[in-house]
Amino acid sequence: MWDFEVSPRQSIGGSVLAELQAKADADAVALRIGVVLENNGAVLLLERVEYVAGRRPFNLPGTTVRPGEALAAAVARAVLEETGLTVVDIRAHLGSFDYLSNAGKPVRREHFAVEVAGVGPIRLTNYGGYQWIPLDGELPVTPSIRQILTTYREMR
């Protein structure tokens, strides 16, 4: 467990987060989260070390929700751990998709739009690179993430 309290504002509403958590528990799926960070019409996308140079799709910042961890805390932790940025508000739920992990276990990935205290400097930990990719351009992501970003574009 963390030795600090993570409590970003939740414009999304705490009840939405609680309902998503309860549904995942009822469906017996592990929860992962993905986070959309926008700056001047571009979204932050991360590139794994083994795929640097554009050979694979980019990822959104995200993490696995730990047992007993609140979704708001997981969102803030994911962004801080993977980018060094601080989430100040969880603005919206953008949707989810289910898949099987490499171990064959059911996983649900919930996605959120957030506001951060500032967009730099980016300090990567698990990734080899990052880019701010224009939302209205060609997004080098998987079809599932492309749908999440389409939803985000439509709600802005």
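# A guided tour of helices, strands and one ring pair

Helix H2 is mostly covered, for eleven of its 13 residues are buried. The structure in the viewer is a predicted model.

**First stop: helix H2.** Please select residues 71–83, the extent of H2. From the first C-alpha to the last, these 13 residues reach 18 Å, close to the 18 Å expected at 1.5 Å a residue. Next, colour the buried positions of H2: Leu71, Ala72, Ala73, Ala74, Val75, Ala76, Arg77, Ala78, Val79, Glu82 and Thr83. To see what lies over them, display the surrounding elements. The cover of these buried residues includes helix H1 (14–27) together with the strands S1 (30–36), S3 (42–47), S4 (62–64), S5 (87–100) and S6 (106–116). Before leaving, select Gly84, just after H2, where phi is positive at about 80°.

**Second stop: helix H1.** One of the elements covering H2 is H1, residues 14–27. H1 has 14 residues and spans 20 Å between its first and last C-alpha, close to the 20 Å expected at 1.5 Å a residue. Select Leu17, Leu20 and Ala24, the buried residues of H1. Viewed down the axis of H1, its buried residues fall within an arc of 60°, so they line one face of the helix. Against which elements do the buried residues of H1 pack? They pack against S1, H2, S5 and S6. Now turn to the face of H1 that points away from its buried side; the exposed residues Glu19, Asp25 and Ala26 are found there. Just after H1, Ala28 has a positive phi of about 55°.

**Third stop: strand S3.** Select residues 42–47, which form S3, another part of the cover over H2. Six of the six residues of S3 are buried. Show the side chains in two colours: Ala42, Leu44 and Leu46 point one way from the strand, while Val43, Leu45 and Glu47 point the other way, and all are buried.

**Fourth stop: the partners of S3.** Add strand S2, residues 38–39, which pairs with S3 in the antiparallel sense over two bridges. Glu38 stands opposite Val43 in S3. S2 and S3 form a hairpin with two residues between them, and in the turn Asn40 has a positive phi of about 50°. Then add strand S7, residues 129–134; S7 and S3 pair in the antiparallel sense over six bridges. Within S7, Gly129 is the bridge partner of Glu47.

With these strands displayed together, the view shows an open sheet of three strands in the order S2-S3-S7, with antiparallel pairing. Which are the edge strands? They are S2 and S7, each of which pairs on one side only.

**Last stop: the aromatic rings.** A search of the whole structure finds one aromatic pair. The ring centres of Phe97 and Tyr99 are 6.1 Å apart and the planes lie at 45°, so the pair is tilted. Finally, select Tyr99 alone: is this residue buried or partly exposed? Tyr99 counts as partly exposed because its relative accessibility is 30%, and buried means under 20%.

Methods: Residues numbered from 1 in each chain as written. Predicted model: local features only at pLDDT ≥ 70, side-chain atom pairs only at ≥ 80, totals over all residues. Heavy atoms only, no water. Helix = DSSP H or I, 4+ residues; strand = E, 2+ residues; numbered from the N terminus. Expected span 1.5 Å × (residues − 1). Buried < 20%, exposed > 50% of the residue type's maximum accessible area, 1.4 Å probe, protein only. Contact = heavy atoms within 4.5 Å. Pairing = 2+ DSSP bridges. Arc of directions from axis to C-beta. Phe/Tyr/Trp six-rings, centres within 6.5 Å; stacked < 30°, edge-to-face > 60°.
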